[in-house]
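Visitor: I have the sequence and the coordinates open, and I would like to go through the fold with you piece by piece.

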Amino acid sequence: MRLSTRNQFKGKVTEITSGEAMSIVKIAIDGTDLVVTAAVTKAAVDDLGLAVGSPAYALVKATEVQLGVD
């Protein structure tokens with residue numbers, strides 16, 4: 001598969017926390033200390049076959065990033 005998303009980070013799933021409809025998935029990015037957290041549907045977790053320890057990509061496509069401080 002080829003994607004237009006340019007920010008592609010390969011890693012491994014380190015944690016999946018599921019609620020009624022949504023899951024929080026954490027992916028440790030290979031070669032870094034970074035962890036990307038994503039909220040996805042439980043159906044997406046099942047469809048992708050995600051499990052702790054499985055390889056996955058974090059694909060980031062955003063038009064805006066906001067930060068704030070006190």
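Visitor: In what order do the strands of the open sheet lie?

Guide: This is a predicted model, in which local features need pLDDT of at least 70 and side-chain atom pairs count only at pLDDT 80 or more, while totals for chains, interfaces and linings use all residues. Residues are numbered from 1 along each chain as its sequence is written, and side-chain values use heavy atoms, with hydrogens and water left out. The sheet has four strands with antiparallel pairing, where two strands pair if DSSP finds at least two bridges between them, and the order is β3-β2-β1-β4.

Visitor: Which are the edge strands?

Guide: An edge strand here is one that pairs on one side only. Neighbouring strands of this sheet are turned by 45° against each other on average, direction ignored, with axes taken as lines fitted to C-alpha atoms and angles running from 0 to 180 degrees between N-to-C directions. The edge strands are β3 and β4 (55–60).

Visitor: How do the elements run from the N terminus on?

Guide: Helices (H or I, at least four residues) and strands (E, at least two) are DSSP runs, numbered from the N terminus. By that count the chain has one helix and four strands, and from the N terminus on the elements run β-β-β-α-β.

Visitor: How many residues lie between β1 and β2 in their hairpin?

Guide: Strand β1 (residues 7–18) pairs with β2 in the antiparallel sense, over seven bridges. Within this pairing Ile16 stands opposite Val25, and Glu15 has Lys26 as its bridge partner. The hairpin that β1 and β2 form has between its strands three residues.

Visitor: Is Glu15 buried or partly exposed?

Guide: Glu15 lies in strand β1 and, not counting residues up to four places away in sequence, touches Ile24, Val25, Lys26 and Val52, a contact being heavy atoms within 4.5 Å. Its C-alpha atom is separated by 9.3 Å from that of Thr37, 22 residues apart along the chain. Buried means under 20% relative accessible area, exposed over 50%, and partly exposed in between (1.4 Å probe, protein chains only). Because its relative accessible area is 37%, Glu15 is partly exposed.

Visitor: Which side chains of β2 point to one face and are buried?

Guide: In a regular strand the side chains alternate between the two faces of the sheet. Along β2 this alternation appears, with Met22, Ile24, Lys26 and Ala28 pointing to a face where they are not buried. The side chains that point to the other face and are buried are Ser23, Val25, Ile27 and Ile29.

Visitor: Which residue of β3 is the bridge partner of Ile27?

Guide: Strands β2 and β3 run antiparallel and are joined by seven bridges. One of the pairs places Ser23 with Val40 as its partner in β3, and for Ile27 the bridge partner is Val36.

Visitor: Why does Gly31 count as exposed?

Guide: Gly31 is found in the loop between β2 (22–29) and β3 (35–41), and in this hairpin, which has five residues between the strands, Gly31 takes a positive phi near 75°. The C-alpha atoms of Gly31 and Ile16, 15 residues apart along the chain, are separated by 21 Å. Gly31 counts as exposed because its relative accessibility is 87%.

Visitor: What is the relative accessible area of Thr5?

Guide: Thr5 is found in the segment before β1. Leaving aside its neighbours within four places in sequence, Thr5 is in contact with Leu59, Val60 and Lys61. Thr5 is buried, and its relative accessible area is 13%.

Visitor: For the whole chain, what share of the residues count as buried?

Guide: The C-alpha atoms fill a box of roughly 35 × 30 × 25 Å, taken along the principal axes. Among contacts with a separation of 6 or more, residues 24 or more positions apart account for 40%. Of the 70 residues of the chain, the share that count as buried is 17%.
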